[in-house]
Amino acid sequence: MSDQGRELGWDDEIQNDGDEKIILPPGEYPYTVLLCERARHNGSDKLPPCPVAKLSIKIDGGNLGSVVKSHRLFLHTKTEGLVCQFFRSIGARKHGERLRMNWNSVGNSRGRCKTFIREFEGKKYTEIKSFLDPVPEPTTAPEQEQKKGWSAGTF
């Protein structure tokens, strides 16, 4: 089980400045869904009220380090393509396939994503631009059967 830490008391001493913020260069990275929570979007100018899946995603940057990001998937027909993209990425759906979303299976799922750097108020953040289809497993060609008894020039 991971170290979840402990709560701090109002009068406790503190010293941990936290980890240095890692900014991954834009690119394609593997990820793991750490947590999936159900919530509700109250509506905005761009999107009416709807359910929202609040994901905590760990993006693995290899030697560069890992970044944990919050990402929201809005469950609305306007954003259905993004939700389909996510389920394809974790291998739960193929292009064009109908799927009943199984949010209980999302935790600990793995996929690949494309990232970009967002700048806000002078600070840079790694953000998820899109979810990518799984990389197909390489297939090996069957070994060629050796022709028995036949060789060039024996006709």
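What follows is a short exchange on how the features of this predicted model earn their labels.

User: What makes up the fold of this protein?

Analyst: The protein has one helix and five strands. From the N terminus on, the elements run β-β-β-α-β-β.

User: How do you know which strands sit at the edges of the sheet?

Analyst: Start with the order, S3-S2-S1-S4-S5, in an open sheet of five strands with antiparallel pairing. S3 and S5 each pair on one side only, and these are the edge strands. The twist averages 40° from one strand to the next.

User: Why are S1 and S4 called a pair?

Analyst: Pairing needs at least two bridges between two strands. S1 and S4 have six, in the antiparallel sense. Therefore they count as a pair. Gly-27 stands opposite Thr-115 in S4. Tyr-29 has Cys-113 in S4 as its bridge partner.

User: What makes S1 and S2 a pair?

Analyst: The cut-off is again at least two bridges. S1 and S2 pair over ten bridges, in the antiparallel sense, so the label holds. For His-41, the bridge partner in S2 is Cys-50.

User: And how do you know that S4 and S5 pair?

Analyst: They share nine bridges in the antiparallel sense, against a requirement of at least two, so they pair. The bridge partner of Phe-120 in S5 is Lys-123.

User: What lies between S4 and S5 in their hairpin?

Analyst: Two residues lie between the strands of this hairpin. Glu-121 is in the turn and has a positive phi of about 50°.

User: What holds strands of a sheet together in general?

Analyst: Backbone hydrogen bonds, in either a parallel or an antiparallel arrangement.

User: Why is helix H1 called mostly covered?

Analyst: A residue is buried when its relative accessible area is under 20%. H1 spans residues 80-89, and seven of its ten residues are buried, so "mostly covered" fits. The buried residues are Val-83, Cys-84, Gln-85, Phe-86, Phe-87, Arg-88 and Ser-89.

User: What covers the buried residues of H1?

Analyst: The cover includes S1 and strands S2 (50-60), S3 (66-74), S4 (110-120) and S5 (123-132).

User: How is H1 placed against the sheet?

Analyst: H1 packs on the sheet and touches S1, S2, S3, S4 and S5. The direction of H1 makes about 80° with that of S5.

User: Which residue with a positive phi follows H1?

Analyst: Gly-91, with a phi near 80°.

User: Why is Leu-34 called partly exposed, rather than buried or exposed?

Analyst: Its relative accessible area is 41%. Buried means under 20% and exposed means over 50%. The value for Leu-34 falls in between, so it is partly exposed. Leu-34 lies in strand S1 (residues 27-41).

User: What makes Leu-34 eligible for a surface patch?

Analyst: A patch residue needs over 30% relative accessible area and no salt bridge. Leu-34 has 41%, so it passes the area test. Leu-34, Leu-35 and Val-68 form a nonpolar patch on the surface. Together they have about 260 Å² of accessible area.

User: How much of the whole protein is buried?

Analyst: Buried residues make up 28% of the 155 residues. The accessible surface comes to about 12,700 Å². Carbon and sulfur atoms account for 48% of that surface.

User: What share of contacts joins residues at least 24 apart?

Analyst: 50%, among contacts between residues at least 6 apart in sequence.

Conventions:
Residues are numbered from 1 along each chain as its sequence is written. This is a predicted model: local features need pLDDT of at least 70, side-chain atom pairs count only at pLDDT 80 or more; totals for chains, interfaces and linings use all residues. Side-chain values use heavy atoms; hydrogens and water are left out. Patches are made of residues with over 30% relative accessible area and no salt bridge: like charges are joined within 9 Å, nonpolar side chains (Val, Leu, Ile, Met, Phe, Trp, Tyr) within 5 Å. Accessible areas come from the Shrake-Rupley method with a 1.4 Å probe; for residues, only the protein chains shown count as cover. A salt bridge is a side-chain nitrogen of Lys or Arg within 4 Å of a carboxyl oxygen of Asp or Glu. Helices (H or I, at least four residues) and strands (E, at least two) are DSSP runs, numbered from the N terminus. Buried means under 20% relative accessible area, exposed over 50%, partly exposed in between (1.4 Å probe, protein chains only). Contact means heavy atoms within 4.5 Å. Axes are lines fitted to C-alpha atoms, for helices over the stretch in contact, and angles run from 0 to 180 degrees between N-to-C directions.
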